[in-house]
Amino acid sequence: GMFSSHSLPPALLEKVFQYIDLHQDEFVQTLKEWVAIESDSVQPVPRFRQELFRMMAVAADTLQRLGARVTSVDMGSQQLPDGQSLPIPPVILAELGNDPTKGTVCFYGHLDVQPADQGDGWLTDPYVLTEVDGKLYGRGATDNKGPVLAWINAVSAFRALEQDLPVNIKFIIEGMEEAGSVALEELVEKEKNRFFSGVDYIVISDNLWISQRKPAITYGTRGNSYFTVEVKCRDQDFHSGTFGGILHEPMADLVALLGSLVDSSGHILVPGIYDEVAPLTEEEINTYKAIHLDLEEYRNSSRVEKFLFDTKEEILMHLWRYPSLSIHGIEGAFDEPGAKTVIPGQVIGKFSIRLVPHMNVSVVEKQVTRHLEDVFSKRNSSNKMVVSMTLGLHPWIANVNDTQYLAAKRAIRTVFGTEPDMIRDGSTIPIAKMFQEIVHKSVVLIPLGAVDDGEHSQNEKINRWNYIEGTKLFAAFFLEMAQLH
Ligand SMILES: NCCCC(=O)N[C@@H](Cc1c[nH]cn1)C(=O)O
Ligand SMILES: [Zn+2]
Ligand SMILES: [Zn+2]
């Protein structure tokens, strides 16, 4: 049946769902207007910054018209490595209701997007939301404009029906997530005892299901420690006919260094790196068994011939609960076509380690640095090596017994008639850990998008079904939170 056995007020819920169904074209139209704003935070150019400011103003206005108290916080400006300075779009802090007898749920989302260019292989204009077979294609449709609007739509349904909101609602919406949430941590720190003081629960909807049709709740993300290792002989390149044979070549050193990090089975070779990884329990193995994942389909849709592991459980565990090391690139390498006979004078290798509980960022930094120094010293090279950790993002894991996990499960049962997949995410949502550490409140990730939505990719989309049922999910979630709080 549509309603589960516990006692949500079915008449109200039915009215809200009906409203959402009836107004779905308006919700799609608003998404279309938001996608049309080219709010790219990655390319640091004035035109996109203007678009970002416009995006935040449109969102602030939408929230104001819903009756929210809205503050647009000035975030100052961003100093770029080339000396340029660009303004940072404001962060929106908004509040609806402050009834002390109700729980307060805070929703975090972002309205900036990854770059998109039709020439890169988009089948439609990325900034014109285009519906084909129930799929709404456009940059930001799923990451993250659609989910932010689903939350707003859910609020607007209660408003339009002149129903009291079941919970107090706060919004924190930023415009620099895709550029690393510039200056956001300072703001969260500053607002800890103000905006966040009355917040009981935090919801983020900025990742995907692992299925096309089965909803999920996400209770953990990996962290990331990003490294550069520079090897330098001099600041100019050499001719390999004139110098080849008599030099310690920086590229040879770097390739050996990068080659010492991980073996062909994906095992990280940095001594001690696995020491603090949480031991696997019997109970945990069972949670992986419960997740449905069609490995064949996953492999085919990823267009990968063979993964490092053969079972669903091993694959998911190596994505979510074990660290991984990826080598990303080499600055200064000769990477163009052709056969230039160059010896690069200095090169910078880039790699990162995805971190899991209970790995510690600064311990990892020391282990990696020591390992590379050790490998380098054995080469007796006369070059200079410098190792730096340029990003240290902590892993995050939640307590799945928190109230809002139960509320989210119940809301999913009501809307989708199924139990959610309880999943983690192999990538990093730094704000989740920041909220947990700074605000000390329970954080849940409730994704709305399907596994094939293509975040950051060409032809990003959100299914109309996910967007509209997702709106219902948030409405049902408000009511469940009210009941459980
Ligand atoms: N599904 C949400 C993914 C969000 C994302 O892609 N985050 C980045 C953040 C990051 C980590 N290191 C540098 N940036 C990611 O790569 O995980
Ligand atoms: Zn996102
Ligand atoms: Zn993104």
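Three short exercises with worked solutions follow on this predicted model.

Residues are numbered from 1 along each chain as written, and chains are lettered from A and ligands numbered from 1 in written order. Local features need pLDDT of at least 70, side-chain atom pairs count only at pLDDT 80 or more, totals for chains, interfaces and linings use all residues, and side-chain values use heavy atoms, without hydrogens and water.

**Exercise 1.** Describe the surroundings of ligand 1.

Step 1. List the residues with a heavy atom within 4 Å. They are Asp206, Asn207, Asn224, Arg354, Leu391, Leu393, Asp425, Ser427, Thr428, Glu455 and His456.

Step 2. Find polar contacts (N or O pairs within 3.5 Å). A polar side-chain atom of Arg354 lies 2.8 Å from a ligand oxygen. A backbone N or O atom of Thr428 also lies 2.8 Å from an oxygen of ligand 1. For Glu455, a polar side-chain atom lies 3.4 Å from a ligand nitrogen.

Step 3. Check the cover. Alone, ligand 1 exposes 420 Å² (Shrake-Rupley, 1.4 Å probe). The protein buries 75% of that.

**Exercise 2.** Is threonine 221 buried or exposed?

Step 1. Locate threonine 221: strand E10, residues 216–221 (a DSSP run of at least two).

Step 2. Read its relative accessible area: 3%. Buried means under 20% with a 1.4 Å probe, protein chains only. Threonine 221 is therefore buried.

Step 3. List contacts (heavy atoms within 4.5 Å). Beyond four places in sequence, threonine 221 touches Pro395, Trp396, Asp425, Ser427, Thr428, Ile429 and Leu445.

**Exercise 3.** Which residues does phenylalanine 477 contact, leaving aside neighbours within four places in sequence?

Solution. The partners are Val105, Trp151, Val203, Gln404, Ala407, Ala408, Ala411 and Ile446.

Terms used. A polar contact is a pair of N or O atoms within 3.5 Å; within protein, one must be able to donate a hydrogen and the other to accept it, and residues adjacent in sequence count only if both atoms are side-chain atoms. Helices (H or I, at least four residues) and strands (E, at least two) are DSSP runs, numbered from the N terminus. Buried means under 20% relative accessible area, exposed over 50%, partly exposed in between (1.4 Å probe, protein chains only).
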